[in-house]
Amino acid sequence: MAKEFQLSARAIPLDDRYDVIVAGGGPAGCGAAAAAARQGARTLLIEANGALGGMGTLGLVPFFCGFGDGATFIARGIAEQVRLRLIEGTPHMRNPQPDWLRFWPSIDPERLKRIYDDLVTAAGADVLFHTALVGVERGAGGVEALLAANKEGLSALRARVYIDATGDGDLAAWAGAPFEKGDAAGRLQPATLCFMLANADLYALEKGPESSWATTQQAVREAWLSKQHPLIEDAHCCSRLLGADVYGFNAGHVYGVDNTDPANVSQALIRGRRQAEQYRAVLAARHPGYANAWLAATAAVLGVRETRRIMGDYVLTIDDYRARRSFPDEICRNAYNIDVHGSKKTEAGAADTDAETRRRQMAAEIEQYSDGESYGVPYRCLTPRGLRNVLTAGRCISTDRRINGSVRIMACCLTTGEAAGAAAALAAQGDGDVHAVDTARLRAVLREHGAYLPGPA
């Protein structure tokens, strides 16, 4: 048992100017803050790092997924604003490509930071960077205040409604909401530390005989099969041209990571940086396109696929995915495939199994969507049980594990975030009870701002 230290009783500064406070400045938090502020709610967004955007900026994920269903764009509203502004500044992505309705644009992380800055501040929300959520004070049936820490020390933040966009569900979990984490045995999907390689040979990679994503993947797979590279533990490798001679990589896995364990994450970051350099060396030796490439950047934050899922008034399940289900209170649609990365010893229990191969096998067990097919995400997935004034958005919403592998993508985080922000503003106009929000009115607000909600008005 850990030792304990008793804090002395003392007063700390309180800021109670806001109607809505959003914890976490990733895509879900940005969508939530912008949507709440545009509805007239006095809104504060707190972010532990120095930039907005989460995995698309600080995490260096090289491209967006899931804006479309193969026939139309379904991540609209704020998500569409982000997509269009990103493409405007990415010359090689301006001309439509056949797969754009399934797999989406390359990410210039610096441009995306500015897009999110403008999105949130133009809507009227305030932002506090380098401000970490460190505690939650419970009140009658909900949250009384948040405890935050920054260069001014410890302070309390009070609002009528709070939105948990932390990814890990910290706010809701610390407030006492029920949650699930990992599979039945507690295993979590592996993490990835994304990175960027510069000085790549664009001709060899895009036009020459060694071109295409497939040849890069093959080089990594051969390196993994050779067993000569201890940090390359599987064949997972996604890459994308970001601009000029720079490629972004979502490659490799760091196994055994729990993002709610700081010591564990610290070791994972060290391993991830070493792993990125090994990928560079392997690609330089095995692919002419990377012969002179250098490691330009590794992500500032770890790419975490899974931690807590906060249980809400409805739990979205794999059966809902299979049924392409619609809901009367749905607040967005999603069509991304089931993407659950296996542990090193996979769910099948086989040692030394290529996790990427097993992941594809698991996905194949689920019927994949045809063009134009999608499923709805109901508002009730955003309302944690037992908390009257808290909403969730993004990766930590109420789902089972399998479908969480679909909703966790950034496009869906933007749409659930926008819905949570609009709902929080509506709840703040009343008594703050998020479970009592009129979902017909919420859906009308979202439609006014361009949301794709094809069901009955």
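1. In which sense do strand β10 and β19 pair, and over how many bridges? Strand β10 (residues 161–164) runs parallel to β19, with 3 bridges between them. One of the matched pairs is Asp164 with Thr392 in β19. Here, helices (H or I, at least four residues) and strands (E, at least two) are DSSP runs, numbered from the N terminus, and two strands pair if DSSP finds at least two bridges between them.

2. Before going on, a word on what you're looking at. This is a predicted model, where local features need pLDDT of at least 70 and side-chain atom pairs count only at pLDDT 80 or more, while totals for chains, interfaces and linings use all residues. Residues are numbered from 1 along each chain as its sequence is written, and side-chain values use heavy atoms, with hydrogens and water left out.

3. How confident is the predictor? The chain's average pLDDT (the predictor's confidence in each residue, from 0 to 100) is 92, and 91% of the residues score at least 70. Among the elements of the chain, strand β19 (residues 390–392) has the highest mean, 99, and helix α9 (residues 355–364) the lowest, 59. Go easy on residues 346–352: pLDDT stays under 50 there, and the model has 12 contacts beyond four places in sequence for that stretch. Contact means heavy atoms within 4.5 Å. Where pLDDT is low, the predicted coordinates should not be read in detail.

4. Back to the sheet with β10 and β19. It's an open sheet of 5 strands in the order β6-β3-β2-β10-β19, with parallel pairing. β6 (126–128) and β19 are the edge strands, each pairing on one side only. On average, neighbouring strands are turned by 20 degrees against each other, direction ignored. Helix α1 (residues 27–38) packs on this sheet and touches β2 (20–23), β3 (43–46) and β10; its direction makes about 165 degrees with that of β3. For such angles, axes are lines fitted to C-alpha atoms, for helices over the stretch in contact, and angles run from 0 to 180 degrees between N-to-C directions.

5. Next, have a look at β9. β8 and β9 pair in the antiparallel sense over 5 bridges, and a hairpin of 2 residues joins them. Asn150 has Gly153 in β9 as its bridge partner. β9 also pairs with β1, this time in the parallel sense over 2 bridges, and Asp15 stands opposite Leu157 in β9.

6. Those strands turn up again around the second largest pocket, which holds about 270 Å³ of space. Its lining has 19 residues, with Leu128, Asn150, Glu152, Ser155 and Leu157 nearest the centre. β1 (14–15), β8 (143–150) and β9 (153–157) are the elements that give two or more residues to this lining, and β9 gives the most, with 5. On a 1 Å grid over the protein atoms alone, a pocket is an open set of points with protein on both sides within 12 Å along at least five of seven lines, whereas a cavity is a set where a 1.4 Å probe fits but cannot get out; lining residues have an atom within 4 Å of a point. Grid points are joined across faces, edges and corners, and a volume is the space filled by probe spheres set on the points.

7. Finally, the structure holds 1 cavity of 30 Å³ or more. About 60 Å³ of space lies in the largest cavity, and its lining includes Ile74, Arg76, Cys332, Glu418 and Tyr452. β17 (330–334) and α11 (410–429) each supply at least two of the lining residues.
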